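Here are some notes on aromatic rings and on one acidic residue, for reading next to the structure.

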Amino acid sequence: MSSATRQEQELQQRLFADKCRRLHSHLLSTKTLLREIGDYNRTKWPVHYPLARIARAHESQANSYSNGSSGLRRSNSMLNASDATLVNSLAPTPVRRAMTAEDMTQLATGSGSSSHTAGADADISSAGRLLDPSDLSVLKLDLRLSYHADSDVMGSLEESSIARLFDERLSQCEVHIDKLIARVADKSSKILVTGDLNAGKSTLVNALIRHDILPFDQQPCTMLFCEVVDASQNDGIEEIHAVPDIHKYNRLDPLTYTVVKMSDLEDVVMENDEQYQQLKIYTKDKRSDQQSLLHNGVVDVALIDSPGLNRDSLKTTQLFARQEEIDVVVFVVNAENHFTLSGQDFLLNAGNEKAHIFIVVNRFDAIRRKDRCERMILDQIRDLSPLTYAERDDLVHFVSAHEQLAAERTGSVSSESFSRMEKCLRSFTLEQRFKSKLAPAQRYAMNVLFDVQYLAAENVASATKRIQEINALLREGMPKYETLLQERKESTRQAEAVLDDSCLEVRRHTTAHLTNTSVHLQDVAEKVMYPGLISLWSYAENVLLTMVRHLEHEVYECDRFTCFTIHQARNQLGKLDDQRKVLDTSLDQQQQQQRDMSVATPISPSSKDEGISLLDGTNAASVTASQLASVGSISNALDTVQLELSDFVDLDLSHNWGTLTSISASASLTLLASKSMAGNVVTLLRLSSTMGTTTARRLMVAAATLIGLGSVFYMVSDMDATVRRKLSSRVSLMLEEEGFVQHHAERLTTETSRAIRPFVWHLQHTFQRMVEAEEHKRADHLRRRHIAQDSQIYFDELRIKAQELANAVRSVGSTESAGSC
């Protein structure tokens, strides 16, 4: 090798190492970005995922697929009838072209003439029209259970459920990026040889290393992964290691593997029974570094033979997961079967990362109409992997691995098609290492970042829409809120006015009524029959009892008026509450019952209702002082009232002055009106002169005695009026001194306030509760708007950050020649 060639290789190695370092850094930044999105999704804002739109897109594509307008034709699949029914029931979507590296470059830079790219760029840069949801490639959720947008599954998925699914998807992407980081850091290259059952994968590996080391048969025989590497990696020793756990494998530690003899290899490969995960086969290729793929003098290469895709679901799942660790995928197609459904699914999944798939169409020698077979397979490749189709001369090869092995055994010349395929594979793996090793990681990171840009733009639009909806709710709720405040103020004022007016009315009525009653107590006592002088004391007790019971009755009447006033006040407050009910229709039945429930405590008069009656003389009986005291509970003074002798004597003549004056006037008028008045006077004068002074004095004493006796007689005959007058005066004075009227007016006013106030408080409390509920609703709207505004800013910054990171990832471009092999 010349020094110029050596220097050129060293330069290429340094450039490749620099690209590995830069891509490694960008992958770490992408992982950090995904982790931040996951944290934000879990703690602050559930990421809005356009699930319904994606489902409608799937449904539309499925309809298009069923109508035959697009999609691949299914050739002879190895699926049985039940599997085919299952696949058809899942309504697989037709194959669509994945976004290529050139597409993503044009999308980020705004260039490109295709309508798809231009539209995508316009949607990323503006919030008006977003990307088509079907353009999500990596962060797309699995919708195979809900292809219909209006299905029950779609309706049952809430934001939290979608957020959890999205969080799981982010975690899967982080794990995948970790594998990409490890793959970029790994200086070796791994080539995965995969395909359907009986495609000739093992035969192809044997032909590539020019050695019949892997067993092959007309029936499926490979049951586990077989990794073939150069023996130089095992100190030049050809050996087979059966590895139970590939993650613990260490060739220097015999406990992590079992050495298998070459004679037992076929049994181990065909009858694995899940005992081993993988075989590590160290072998020698006797060809030179310029011819051999395993020992090429540039980088360590491993050929990994895999079980068939449609062998069983477990093996297929393992294969799908294993391709994340692979640098180059060599997909082997049976020329007789073309691409089966399982092969299409694998290539579509691998297309998220690898834009270029090395495709080998094996057993091409068995095809009679080779041109037709080649055309049909290339048509399928064009839909499955556009970039592979664009470089089909270097990446798609029609060979016969069996013929090559036969030629190798007989020493014949290798077929031209196989030699060219081998040369292209070597060039793709060794000379175009960026395209084969770094470009898949770059492509995956670009896909993730463009998905992040799309979802960020979608969430900016969602947050903007939510802000607009919340603003509309706040505007719509403001008149109701202001009306509620005004109604609360007015209802509170009216309720307080009802309370004050009721208390004032009770006080005024009680004061006037009891004052009038205490003034006219004597009139009430006249209803008691006077039994005579002998029963004067009993009469006086009955008069006093009648007065007390009359006072009790009038107090009771005031209580009844108070109850009536309270009832009217409650009715007025009930009307105010009915007006409030119009504004409040959200209270539950319990609150309604509590609001309509009246206060259970009734207003009871101070004295007992039973047995209160006005006593008259026909049924009056003697009442003892102790019985009287028990009745006088309306007044503390009446509790100890007793009859006194002064109640029977009235020395105040002012009450009888009118009667005495009228008698004197009548006597004088009679004397003056008599015809013999002058004679009578003369007779009296003569008689006084003849009788002498002593006799006249005696006569005057007798006359005075007669007058006194007459006065006493008169007083005794007026004793009933005296008793009534004296008792009424004394009771009225006692009540006045005690403040009887003021006491009951204050008591009934307090009880009125106590009875009405709970209704006023309840009305005020209910209004306050309504206002607080409305304020809480408004506060919740404001809080949600604040979160939406923060999310709007966050996702807008996230979109910019993802775009800048995508530009940085794209800048790790390839400068190596993509010349033809």
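1. Rings of Phe, Tyr and Trp (its six-membered ring) are taken as a pair if their centres lie within 6.5 Å. By ring pairs of this kind, Tyr-40, Tyr-794 and Phe-795 are linked into a cluster. The model is a predicted one.

2. How many aromatic pairs does a search of the whole structure find? The search gives nine. In one pair, Phe-331 and Phe-346, the ring centres are 5.9 Å apart and the planes stand at 25°, so this pair is stacked; planes under 30 degrees apart count as such.

3. That pair links distant parts of the chain, with the two positions 15 residues apart in numbering. Phe-331 belongs to strand 7 (residues 328–334), and Phe-346 to helix 11 (residues 341–350). Are these two residues buried or exposed? Both Phe-331 and Phe-346 are buried.

4. Two arginines lie over the faces of tyrosine rings. Arg-382 is placed over Tyr-389, at 5.6 Å from the ring centre. Arg-778 is placed over Tyr-481, at 5.5 Å from the ring centre.

5. Asp-230 deserves a separate point. This residue is in strand 2 (residues 225–230). Asp-230 is buried but has no salt bridge. The nearest side chain of opposite charge is that of Lys-284, 8.7 Å away, whereas a salt bridge calls for a side-chain nitrogen within 4 Å of a carboxyl oxygen.

6. What does the side chain of Asp-230 join by a polar contact? The partner is the side chain of Ser-232, at 2.5 Å. Leaving aside neighbours within four places in sequence, Asp-230 is in contact with residues including Tyr-282, Thr-283, Leu-294 and His-295.

Methods:
Residues are numbered from 1 along each chain as its sequence is written. This is a predicted model: local features need pLDDT of at least 70, side-chain atom pairs count only at pLDDT 80 or more; totals for chains, interfaces and linings use all residues. Side-chain values use heavy atoms; hydrogens and water are left out. Rings of Phe, Tyr and Trp (its six-membered ring) pair if their centres lie within 6.5 Å; planes under 30 degrees apart count as stacked, over 60 as edge-to-face and the rest as tilted. Helices (H or I, at least four residues) and strands (E, at least two) are DSSP runs, numbered from the N terminus. Buried means under 20% relative accessible area, exposed over 50%, partly exposed in between (1.4 Å probe, protein chains only). A charge sits over a ring if NZ of Lys or CZ of Arg is within 6 Å of the ring centre and within 35 degrees of the ring normal. Lys and Arg count as positive and Asp and Glu as negative; His and the chain ends are not counted. A polar contact is a pair of N or O atoms within 3.5 Å; within protein, one must be able to donate a hydrogen and the other to accept it, and residues adjacent in sequence count only if both atoms are side-chain atoms. Contact means heavy atoms within 4.5 Å.
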